[in-house]
Amino acid sequence: MTSIPPDRRGVESALDPSTEQIRDMVARSVDWVTAHHDSIRDLPIAPRTSAAALKETLAEPLPVEGRDFADLLRVFREVVVPGTRHNGHPRFFGYVSAPGTAVASVADFLASALNANLTAWRSAPAPAELEHVAIDWIKEALGCDPGAGGLFMSGGSMANFTALAAARHRHCGDTVATHGAAAHPAPLRVYASTETHHSIHKAAALLGIGRANVRDIPVDARFRMDVDALVRAIEEDRAAGAEPLCVVANAGTVVTGAVDPLADIAAVAREYGLWMHVDACYGGFARLSPTARPLFDGLSEADSIALDPHKWLYLPADCGCLIYRDPEAARPAFSLDADYTRVTQTEPAEAFAFWDYGPDLSRRFRALKVWMTLAHAGSRAVGDAIESNLDCARHLAELVEGSADFELLAPVELSIFCFRYLPPNARAGSRSRTEEEQLDRLNERIMLAVQQAGSSYLSNATVNGRFALRGCVLNYRTTRRDMEILLDDVRRAAEQVVEKTPEDSTDAA
């Protein structure tokens, strides 16, 4: 037995602080959190810094002796916070990023303090049951059958990967699991629209299916999968000796927010015996919004659904989710047979192990922030916030279409909008390829100017080959007025860019 060195007995340890010290650390932190929530609308969204400047400020050798918490919090306040992009700002429209909620922040703190490891029911009985409850609530929000099940994961990429792993195992059985992809006699095919998130191609590569075996299905004018083209691709592959495995439908694409015709795709999947997976990471929770709900008809027919509560449930990262229509169909792909994980409980509910339904063994208590947010706010408030986000995006589309200096590049299906600025000489008539390329460059410079100004934040996308200013409304703080301010910010940035490069902007006419 190792003894404590005599000179360390009774010495206070930073690893085991006193009650007073914990209260002090928490109180100081809560003061910052409340001030941050109160002031976030007034903060510049993007930091004006560099990697070199941050490294110079933060880098130091491994500390041998500890420092006071107040000093660490000072570094956080004075360096980390100003050097961070503020995704919770109401005019942060970049990517698909939620602001987080106050109650979820508290839940994350409590979950970390409890430090439950949700490998199986026996590891954390009450947290495991709470995860089942939160999953049941999500199933209800999506309109899934009561027999569906699921689990929380790190995010949508892992949920998509896990769904494809389950689909592959159902099709190939233990042969591929034991001997690898080369043991399967024919190439497998996965079908996804040209708008599908790259994590599907990455999952195919990691699972040995291969990126080349993900067939890109064309889309219609609203960027939704062409179901007739899907059927032709399946028929072609079957005739060529390949084996159709899975079709991936989108419930809110990352570029334009398009929702594929889910019911039609489900019918094709049933006819050809394909696993149907829906990537609903961005859009799935929009089913809580009355005006968007019809878009999700057929969602419950999918074999698996990937979601990101850290998107439209407004939770802080990380929190992904995977729902299985029939959990037992997925179980053989992940179940373990190691002595150190052997379950001794005989009651089925108490013998439950999350590792039987996904790749992770150790799992943090993500369910607490899902449960606490939904229980605290209620689904009506969440649905109302989503409806408001949809309304803001539609309002911006109306402003763009009613303007002389902007052009909408894609329909607004959910809360993503894609548009571009048009200088005066580019607002009428057709444009040559060279002129279109000059417009692309102009709008890229405008985007960078908007980001650097700090009042609004847009990202970029390519829509029908053209550079688009892309935004996504995913914040309960955002109002119609913020959409108007955004367009003013873009106009101001356009003026600055044109003043700096007058010859190029004129050429874009």
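**Exercise 1. State the accessible surface of the chain and describe its overall dimensions.**

The accessible surface of the chain comes to about 24,000 Å², and 51% of this belongs to carbon and sulfur atoms; such areas come from the Shrake-Rupley method with a 1.4 Å probe, and for residues only the protein chains shown count as cover. The model is a predicted one, in which local features need pLDDT of at least 70 and side-chain atom pairs count only at pLDDT 80 or more, while totals for chains, interfaces and linings use all residues. Residues are numbered from 1 along each chain as its sequence is written, and side-chain values use heavy atoms, with hydrogens and water left out.

Turning to dimensions, the C-alpha trace spans about 85 × 65 × 45 Å along its principal axes. The radius of gyration of the chain is 25 Å, which agrees with the value near 23 Å for a compact globule of 509 residues; the radius is taken over C-alpha atoms, and the globule rule is 2.2 Å times the number of residues to the power 0.38.

**Exercise 2. Work out the strand order of the seven-stranded sheet, and place helix α5 relative to its strands.**

Begin with the elements: the chain holds 17 helices and eleven strands, defined as DSSP runs numbered from the N terminus (helices H or I, at least four residues; strands E, at least two). Two strands pair if DSSP finds at least two bridges between them.

Seven strands form an open sheet in the order β1-β7-β6-β5-β4-β2-β3, with mixed pairing. At the edges stand β1 (149-153) and β3 (214-217), each of which pairs on one side only. Inside the sheet, β2 (residues 188-193) and β4 (residues 243-250) pair in the parallel sense over five bridges, and L188 stands opposite E243 in β4.

Finally, helix α5 (residues 125-142) lies across β1, β6 (304-307) and β7 (320-324), and runs at about 110° to β1. For such angles, axes are lines fitted to C-alpha atoms, for helices over the stretch in contact (heavy atoms within 4.5 Å), and angles run from 0 to 180 degrees between N-to-C directions.

**Exercise 3. Explain why C246 forms no bond with the closest cysteine sulfur, and decide whether C246 is buried or exposed.**

A disulfide is a pair of cysteine sulfur atoms within 2.5 Å, and by this rule the count comes to zero. The sulfur of C246 is too far for a bond, because the closest cysteine sulfur, in C172, is 12 Å away.

As for burial (under 20% relative accessible area is buried, over 50% exposed, partly exposed in between, with a 1.4 Å probe and protein chains only), C246 is buried at 1%, and C172 is buried at 11%.
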